[in-house]
Amino acid sequence: MGAGGNMSNPTTKNERKKNPFERVPSSKPPFTIGDIKKAIPPHCFQRSLIRSSSYLIHDLILTFIFYYIATTYFHLLPSPYSYLAWPIYWIVQGCVCTALWVIAHECGHQSFSDYQWINDTIGFILHSSLLTPYFSWKYSHRRHHSNTNSLEHDENHVPKLEVKLKWYTKLYVNNPLGRLLLIAFTLTAGLPLYYTINIAGRPYDRFASHFDPYSPIYNDRERLQIYISDVGVIAIIYLLYRVALTQGLTWVICIYGVPLVIVNGFIVLITLLHHTHASLPHYDSSEWSWLRGALATVDRDYGVLNKVFHHIVDTHVLHHLFSSIPHYHAMEATKAIKPLLGEYYQFDGTPFYKAIWRDFNECQYVEKDEGSEDQGIFWYTNYNI
């Protein structure tokens, strides 16, 4: 599942042959956001509550089916088969729950329907169920979209300059075992730690957390909803506690806990690979503009998971330009804008399990090109170059 390839990505044969490490242009684009919008068929901007709900119901049905099979039949299997059945359940349930997380993400962008109260209600329930503070994430993610690839103001996966790395960084990033452990830690603990202590997030002058209503991430108008987000997560934790008292902690871990870890891993993986690539520029305040930052993302190919994840992985460039376009129009809209974007559009079809290993090695910090010290344009590099 998700071995890569190009089975559902809207790319041409010539685009697939393009060197994915060829730098995208960092100069001011010869087109405007208005030009891009005109290239997209108008119906792509239309949101349908019925159609969006059909995807939600589809994913919920699959979640229940996998849950029912695991709780009804797995204990009847002889031990060799049960040891195989549980990892299969964890993977497929984790993938479907990732799809539910993505639908909640669309709710946060108001692309689920035309009704904000419906979007926020569904998003709040889905994200809380997956221990994501909905409104907290919604507001920080909105600032990420407003400041993409700004070294000073982007909200997550902000690259560091070499001078800001710890002295021991090169000891583990250039060591295969150290890199493997770092990737494992990032995928399993990265998202909870980002929510809790803002790890890999924008540096603030004081403690920042998605659970703190008075965190510097938020303004006064948003603080009440941060409390609501906390209540949602606490309610789910309490529910899990009550279930553990009746069913046992092992049951909760097997049915809910391991799939949740897979969800968190995929969300980190998806976000990281969209914004971490040797061909993409980052900008300081002297060069950054919203359009240049939004264009400096890369579409990826996760094979069959492209569809499972509602095309969040292979239409991300479009998503940063028009985040209110629902996922079921994103493929058509992406195909429509690629001729206009030209070299400003970046796609990398490397299978994700190879890409994460490669990009953790190639993208260790950012620096300016030699001879361009007066420009605020930075590119990924590593200690081996």
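## Exercises on loops, helices and cysteines

H311 sits in the loop between α12 (305-308) and α13 (316-321). Keep in mind that you're working with a predicted model.

**Exercise 1.** Work out the sign of phi at H311, and decide whether H311 is buried or exposed.

*Solution.* Start with the backbone: phi of H311 is near 60 degrees, a positive value in a residue that isn't glycine. Most residues other than glycine have a negative phi. Next, accessibility: the relative accessible area of H311 is 14%. Buried means under 20%, so H311 is buried.

**Exercise 2.** Do the same for L131: find where it lies, its phi and its exposure class.

*Solution.* L131 belongs to the loop between α5 and α6 (134-146). Its phi is near 60 degrees, again a positive value in a non-glycine residue. With 23% relative accessible area, L131 comes out as partly exposed.

**Exercise 3.** Compare the span of helix α3 with what's expected for a helix, then list its buried residues and what they pack against.

*Solution.* Helix α3 covers residues 49-73, 25 in number. From first C-alpha to last it reaches 36 Å, close to the 36 Å expected at 1.5 Å a residue. Now the buried side: S52, S53, L56, D59, T63 and A70. These buried residues pack against four helices, α4 (79-108), α5 (116-129), α10 (249-275) and α14 (327-341).

**Exercise 4.** Classify the crossing of α9 and α10 and say which kinds of residue make the contact.

*Solution.* First the geometry: the axes of α9 (residues 223-247) and α10 come within 7 Å and cross at roughly 125 degrees. That angle makes α9 oblique to α10. Then the residues: α9 brings I236, L240, V243, A244 and Q247, which meet L249, W251, V252 and Y256 of α10. Sorted by class, the contact has 8 nonpolar residues, 1 polar and no charged ones.

**Exercise 5.** Count the disulfides, and explain why C95 isn't bonded to its closest cysteine.

*Solution.* A disulfide is a covalent bond between the sulfur atoms of two cysteines. The cut-off you need is 2.5 Å between the sulfurs. For C95, the closest cysteine sulfur is that of C97, at 9.6 Å, so it's too far for a bond. C95 is also buried, at 3% relative accessible area. Now C254: its nearest cysteine sulfur, also in C97, is 15 Å away, and C254 is in no disulfide. C254 counts as buried too, at 18% relative accessibility. The final tally is 0 disulfides.

Methods:
Residues numbered from 1 in each chain as written. Predicted model: local features only at pLDDT ≥ 70, side-chain atom pairs only at ≥ 80, totals over all residues. Heavy atoms only, no water. Helix = DSSP H or I, 4+ residues; strand = E, 2+ residues; numbered from the N terminus. Expected span 1.5 Å × (residues − 1). Buried < 20%, exposed > 50% of the residue type's maximum accessible area, 1.4 Å probe, protein only. Contact = heavy atoms within 4.5 Å. Axes fitted to C-alpha atoms, helices over the stretch in contact; angles between N-to-C directions. Parallel < 35°, antiparallel > 145°, perpendicular 65-115°, else oblique. Nonpolar A, V, L, I, M, F, W, Y, C, P; charged D, E, K, R; others polar.
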